[in-house]
Amino acid sequence: MRVDPHTGVRRLARVFALAALVCAAPGAQANPKAADGSPEAALIRELPFEDHAIEMNRIIVNLARPGRRPFELMLDTGAQDSVLTPGAAKRNGVSIRRAKTSPYIKDTSLGIPLRFWVDTRWSDQSSGVGWEYGLLGGRFLAQFVVELDFDAAVVRFYDPRKFSVPENATGPGEFVVPVRITGNRPFIDVDVGGEKLLQVLLDTGAPGTLMASAEALQKIGLDTGDLPVAGRIQSTRGRVDLKLEESQAVRIGPFDLGEVPMEVFPRGAFNVGGNTDSLIGYDLISQFKVRIDYPNERLWLKRRENTRSTFLGTDVALGRETGAYLSTWREAYKVRFVRPGSPAEAYGLRAGDSFDASADADPKLDAEAIAAAIVTGGPLRGSRATGPKEAVTVEFAGGPRVVTESDAVEGE
């Protein structure tokens, strides 16, 4: 998700700019090779994806120095700055001061300290949007060439003085895309439905495929006015209505990504996705090995082999078959969209319903089992939120039936 920094960020912009000139300190991982222009010689640190984030279509890394308490943040190329909610700050061992107007500073294993904010606008105890998050944003990332390797499930940070993305790619399956860095965030052009959608944010903090404002799509001749509102999401700026365009041809440079589902903001995303409110999320980004060269404004892409078409982490084909598009969230499957007139609507599903997918669930569920129950009318037990902190258990089969009270599942 994207979070705009506090107003104090502007006053300290010059201080942060100086941080970009800091070289990798002795605390960074040493590399015995000479600086020969190769990425191996320029490697500062390689950090693995934390396992518990992969199932949520997110990248979380531990920035703590070896032997120190974990300091886990979601790598979010869509965030201008690094921001933690109070709950996430406490979880990471940050002592919160409500009256503090300057950034917090913490050492990292990359040898460069992280300057970040704690969002206490609502409270110094918890988030104002119902869930806790810590974002590793663009102001820190812009000091590196950042590589996202989804096959190895690692992030590599390169010294931009020793390695840069070339102007043109020469290897098979590789391509260099011009990227515009605005507000420490990378924007590229994307072809949608055969037309060029300009300045789309490359956003690792978004779990889906392509999210676009209705206004931006109208400019390229795609009218989404007749699409019904199919669901809502909890963003860092509040609840947002969304529509679902189930199939649009998408290309990035020379790469044909096929017909993909696309989320549409009827009234924009409150400017959290750039000046067009359009962004590319994890589902599409993860089809590539990615290098973002912030200093030189270049994006290197290499298409991964044997990737499958997913939407919010689940197979696109299942959503089209059932009319229920699911997202993965903390050992649960949540219904993001329900297509009107679909088997899922007839089954009684609503956007926001969720199903336990933990190892202890009985019966054990995966996306395929949920789809099979929807198509055949078989039994399922799920949870349906009735308020910010309340939910009821619902049994499906021949129509939904509320059976008991239960705790609400934390929002996405």
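These exercises work through burial, ring pairs and contacts in a predicted model. Local features need pLDDT of at least 70, side-chain atom pairs count only at pLDDT 80 or more, and totals for chains, interfaces and linings use all residues. Residues are numbered from 1 along each chain as its sequence is written, and side-chain values use heavy atoms, with hydrogens and water left out.

**Exercise 1.** Classify the ring pair of Tyr104 and Phe116, then place both residues.

Step 1. Rings of Phe, Tyr and Trp (its six-membered ring) pair if their centres lie within 6.5 Å; planes under 30 degrees apart count as stacked, over 60 as edge-to-face and the rest as tilted. The count comes to 12 aromatic pairs.

Step 2. Tyr104 and Phe116 lie 5.6 Å apart, centre to centre, with 15° between the planes, and are stacked.

Step 3. Tyr104 is in strand β5 (residues 104-106) and Phe116 in strand β6 (residues 114-118), so the pair ties together parts 12 residues apart in sequence. Strands are DSSP runs of E, at least two residues, numbered from the N terminus.

Step 4. Buried means under 20% relative accessible area (1.4 Å probe, protein chains only). Tyr104 has 8% relative accessibility, so Tyr104 is buried. Phe116 is buried too, at 2%.

**Exercise 2.** Is Glu245 buried or exposed (over 50% relative accessible area), and which residues does Glu245 touch?

Step 1. Glu245 lies in strand β16 (residues 238-252).

Step 2. Its relative accessibility is 18%, so Glu245 counts as buried.

Step 3. Contact means heavy atoms within 4.5 Å. Not counting residues up to four places away in sequence, Glu245 touches Leu227, Val260, Pro261, Met262 and Val264.

Technical notes: Helix = DSSP H or I, 4+ residues; strand = E, 2+ residues; numbered from the N terminus.
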